[in-house]
Amino acid sequence: MQSAPLPARARGRRSSGRRRAAPAGGTRAPRSAPARRPQGRRPLRLPLHRRLGVALAVIGLVCGFSIVPTDDALAATLVMAPATVVAPGHPGPVAPVQRLAVDATIAAPPINRDNLNATDGLQTLARQGTNESWARLVLMFGGWQQTDANVTVMLRWMRQENGPPDWWNRNNPLNNGYGSGGGAGLGSYPDLITAAEYCAKNLQRGYPAVVAGLVAGNDANATAAAIWASPWASSHYAYGAHWSTAPVQIVQAPASAWGL
C-alpha cells in the first residue's frame, strides 16, 4: 500500500516550523527592508606592515629637527644650508673674519711693573778700573747692595788708607793684612780683583758692626762710625776727627794693577 505523497515544499527560505500569528483583520504586515550602506568608495586600508613603515618614517622626520625654545619677542627659524661640494685642488670657502669692537671710553687698568736695577759684573768693573769700581767690587764679593751710601763710605775709607792719586798702592787699597802676606796691612796682592775678594772675606769674618752697616746700605755716616770703633785701624781714625766727608776724586788705576 503506497503512502500518500508528501506535499512539495515551497522553494525559498527554509521554514523554522513556526508561524507568526496573523494580525487582526487577516492581513499580514509587510516586512521592513534591511538598511543599506550609503553608496560611495570604501576607505583605503593599508596592510599592517606598510602602516608601521609610514609611522616609523614620520617619527624619524620629527626626531631629525631640533626644537628651539623661543620667547614672545623672538621666533626661531630653522634654515637648512645646502652642503658645499669642493672640487679637488680648489680651496674651500673662507670663513668670515671676526672683529671685536671695544668702547673707546673704557680705560685700560694700570699695570704695576717692578723696577729692575742692573749692577756691573766683575769684568765690567775691572775694565772701568777706577777706585769707585774697586769699591763696588768689594760690595759685590760681600753680597752687599751697591747703594750710594755704601759706595760713598768705601771711597772715603780708601782715601784715609791711601790717597786717591795712588789708591792702588801695592794692590792693597785698604791696607788689609788678611791674605796679603804682610802684617799691619803692609802686604800686597797679585791684583786688585784678589784684593777686593780678601777685603770682603776679612770684613765678614771679624767685623760684624761694619757688615751690619753695609747690609742696611742707607747711611754712610753710621757705617763710618762702625769702622772707627772697629780694630781695623789702631788709631781708630781719631773716631772721626781724621775722616773727611768731602767728595772723593775718581781716579783710574793702570790695567796691570787689575791683572788685565
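## Helix α6 and its surroundings

The buried residues of helix α6 are covered by parts of the structure that include α3 (131–142), α4 (148–161), α5 (192–206) and α7 (220–229). This description rests on a predicted model, and every value that follows was computed from that model. Which residues of α6 are buried? In this helix, which spans residues 208–216, they are Val-210, Val-211, Gly-213 and Leu-214. These residues lie on the same side of α6, because the arc they cover around the axis is only 160°.

Just after α6 comes Gly-217, a residue whose phi is positive, with a value near 65°.

## How α6 packs against α7

Two packed helices are described by the angle between their axes and by the distance between those axes. For α6 and α7 the angle is about 170°, and the axes are 8 Å apart. The two helices are therefore roughly antiparallel, since an angle over 145 degrees is counted in that way.

Which residues bring the two helices into contact? On the side of α6 they are Ala-209, Val-210, Gly-213 and Leu-214, and these meet Thr-223, Ala-226 and Ile-227 of α7. Val-210, Gly-213 and Leu-214 have already appeared among the buried residues of α6, and α7 has been named as part of what covers those buried residues.

## The protein as a whole

Seven helices and zero strands make up the secondary structure of the protein, so that, because helices are numbered from the N terminus, the order of its elements reads α-α-α-α-α-α-α. The protein has 260 residues, of which 28% count as buried. Among the contacts between residues with a separation of 6 or more, 56% are made by residues that stand 24 or more positions apart.

The protein exposes a surface of about 20400 Å², and carbon and sulfur atoms supply 56% of this area.

## Two salt bridges

How many salt bridges does a search of the whole structure find? The search finds two. One of them joins Glu-132 to Arg-136, with the closest N and O atoms 3.3 Å apart. Both of these residues belong to helix α3, where they are four residues apart, which is about one turn of the helix. Glu-132 counts as partly exposed, because its relative accessibility is 27%.

The side chains of Lys-201 and Glu-197 also meet in a salt bridge, with a distance of 3.7 Å from N to O. Because these two residues are four residues apart in helix α5, about one helical turn separates them. Lys-201 is partly exposed, with a relative accessible area of 38%, and Glu-197 likewise counts as partly exposed, at 31% relative accessibility.

## Positive phi values after α7

Most residues other than glycine have a negative phi. Against that background, His-236 can be pointed out, since this residue is not a glycine and yet has a positive phi of about 55°. His-236 is found in the segment after α7. Is this residue buried or exposed? His-236 counts as buried, because its relative accessibility is 19% and the limit for a buried residue is under 20%.

Tyr-237 is also a residue other than glycine with a positive phi, and its value is near 55°. The place of Tyr-237 is likewise in the segment after α7. With a relative accessible area of 6%, Tyr-237 is buried.

How values were computed: Residues numbered from 1 in each chain as written. Predicted model: local features only at pLDDT ≥ 70, side-chain atom pairs only at ≥ 80, totals over all residues. Heavy atoms only, no water. Buried < 20%, exposed > 50% of the residue type's maximum accessible area, 1.4 Å probe, protein only. Arc of directions from axis to C-beta. Contact = heavy atoms within 4.5 Å. Salt bridge = Lys/Arg side-chain N within 4 Å of Asp/Glu carboxyl O. Areas by Shrake-Rupley, 256 points an atom, 1.4 Å probe, with all protein chains shown as cover. Axes fitted to C-alpha atoms, helices over the stretch in contact; angles between N-to-C directions. Parallel < 35°, antiparallel > 145°, perpendicular 65-115°, else oblique.
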